Amino acid sequence: MKKALLLYSDGLDSRLVVHLLQEQGYTVEALYFALPFESKRITPKKTNNLNLTIIDITKEPLLSEYLSILKKPKFGTGAGINPCIDCKIFMLKKAKEYADKHGYDIIATGEVPGQRPMSQTNSAQTKIDAEIKFKIIRPLADAGFSGRSRKKQIELAKKYKIKYPNPAGGCFLCEKEPSTRLKTLLKKDLINEKTLILTMIGRHFFIDDIWFVVARDETESRLITKFKTSIKDVKGKPSIYYNNEKGKQKALELQEAYSTGTSKEERDKFEKVKL
Ligand code: SF4
C-alpha cells in the first residue's frame with residue numbers, strides 16, 4: 001500500500017484530505033506542527049483511523065531554528081512579520097526528513113490555491129516545491145478547490161459525514177501591530193522557550209535596555225507572575241514582567257501608571273517607549 005505523510009492542521013481542509021488520500025488508496029499518517037506563534041493552539045488528539053505525530057516547534061532545538069528564519073526570511077514577509085513561504089519550506093523540510101526516514105511515497109498538504117495571499121499561490125508553491133525535492137501533492141487543489149470560501153469544502157464534509165472543529169485562532173506573526181515588538185525582541189535574542197508566551201500578551205516597553213511586559217487582564221497577570229522577575233497584581237494594579245533584576249523600580253512605576261483610575265498623563269510618559 002502506498003504511504004502518504006500529510007501536513008495536518010486538524011481543520012476542515014486537513015480532514016478532507018485524509019479522506020481523499022484514503023480514497024486514492026494511501027495509508028495516511030499525519031504530521032502536526034505545534035508552531036510557536038499560533039494563537040489559541042489546539043493540539044489534535046490521536047484518532048482511530050489516523051496515526052498522528054506532533055512536531056513541537058515551541059521547544060529547542062527547533063524553536064531556535066524557526067526563530068532564525070523569522071530573523072532573515074529568504075522569501076520575505078506578509079503584512080506582519082509572517083515569513084509564510086519560508087515557514088512552509090521549514091515544515092516541509094522537516095516532513096521530508098521524516099518521510100525519508102519512515103519510507104513515505106508522498107507528502108500531502110491541505111493547501112487550496114488562493115486561500116492565503118502569501119503562501120498558497122501557484123508561484124509560491126513552485127518556489128516551495130523547488131526547495132523540497134520530494135513528491136508533494138495537494139489533493140484539494142487537484143480536485144479543483146480554490147479561493148477563500150469554505151462552502152465547497154463544507155459540502156464535501158457533509159457528503160463524507162466528516163466532523164470538523166471551528167477554525168482555531170490565526171497566526172500571530174500575520175498581525176501588523178506586534179511586528180515592531182517582535183522584530184526588536186528577535187534582534188535582542190530575548191525570545192526563548194520560557195519567554196515565548198510573553199511575546200503574545202500584554203503591553204510591552206523597553207526602558208534602559210530592560211524589557212517590561214504589563215498585563216492587560218487577569219489571565220495575563222497569572223502568566224506573568226509565573227516568572228521570577230515579576231511583580232504581582234494587586235486590586236486594580238496589573239502584574240509586570242521585567243527581564244533584568246535592575247528593572248524592579250521601573251516596573252513598580254509602570255504598575256502605578258497602568259493601574260485602574262490613573263490619569264492619561266501618567267501613562268503618556270511610558271507610551272513613548274512602548275514597543
Ligand atoms: S501564517 Fe504563514 S507564518 Fe504563520 S504559520 Fe502559516 S505559513 Fe507560517
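The legends below accompany views of a predicted model of one protein chain.

**Figure 1. The whole chain, with its eleven helices and nine strands.** Along the principal axes, the C-alpha trace extends over about 65 × 35 × 30 Å. Of the 275 residues in the chain, 48% are buried. Contacts between residues at least 6 apart in sequence include 57% that link residues at least 24 apart. The accessible surface amounts to about 14700 Å², and carbon and sulfur atoms account for 51% of that area.

**Figure 2. Charged side chains of the chain.** There are 51 positive side chains and 34 negative ones. The centre of the positive set and the centre of the negative set are 3 Å apart.

**Figure 3. The two domains, domain 1 and domain 2.** Domain 1 covers residues 2-172, and domain 2 covers residues 201-271. Taken over C-alpha atoms, the centres of domain 1 and domain 2 are 38 Å apart.

**Figure 4. The open sheet formed by β6, β7, β9 and β8.** The four strands are arranged in the order β6-β7-β9-β8, with antiparallel pairing. Strand β6 spans residues 203-207 and strand β8 spans residues 230-231. Both stand at the edges of the sheet with a single partner strand each, so one side of β6 and one side of β8 have no neighbour in the sheet.

**Figure 5. Close-up of the pairing between β7 and β9.** Strand β7 is made up of residues 210-214, and strand β9 of residues 240-242. The two strands run antiparallel and are joined by three bridges. Val214 lies opposite Ile240, a residue of β9.

**Figure 6. Close-up of Asp86 in helix α3.** Helix α3 comprises residues 84-102. The relative accessible area of Asp86 is 10%; a residue counts as buried under 20%, and Asp86 is therefore buried. Leaving aside residues up to four places away in sequence, Asp86 touches Ile69, Pro73, Lys74, Phe75 and Gly76.

**Figure 7. Asp86 and Asp217 shown together, with the separation of their C-alpha atoms.** The two residues are 131 residues apart along the chain. In the model, 34 Å separate the C-alpha atom of Asp86 from that of Asp217. Asp86 belongs to helix α3, and the residues that Asp86 touches include Phe75 and Gly76.

How values were computed:
Residues numbered from 1 in each chain as written. Predicted model: local features only at pLDDT ≥ 70, side-chain atom pairs only at ≥ 80, totals over all residues. Heavy atoms only, no water. Buried < 20%, exposed > 50% of the residue type's maximum accessible area, 1.4 Å probe, protein only. Contact = heavy atoms within 4.5 Å. Areas by Shrake-Rupley, 256 points an atom, 1.4 Å probe, with all protein chains shown as cover. Lys, Arg positive; Asp, Glu negative; His and termini not counted. Charge placed at Lys NZ, Arg CZ, Asp CG, Glu CD. Domains from an automatic or database assignment. Pairing = 2+ DSSP bridges.
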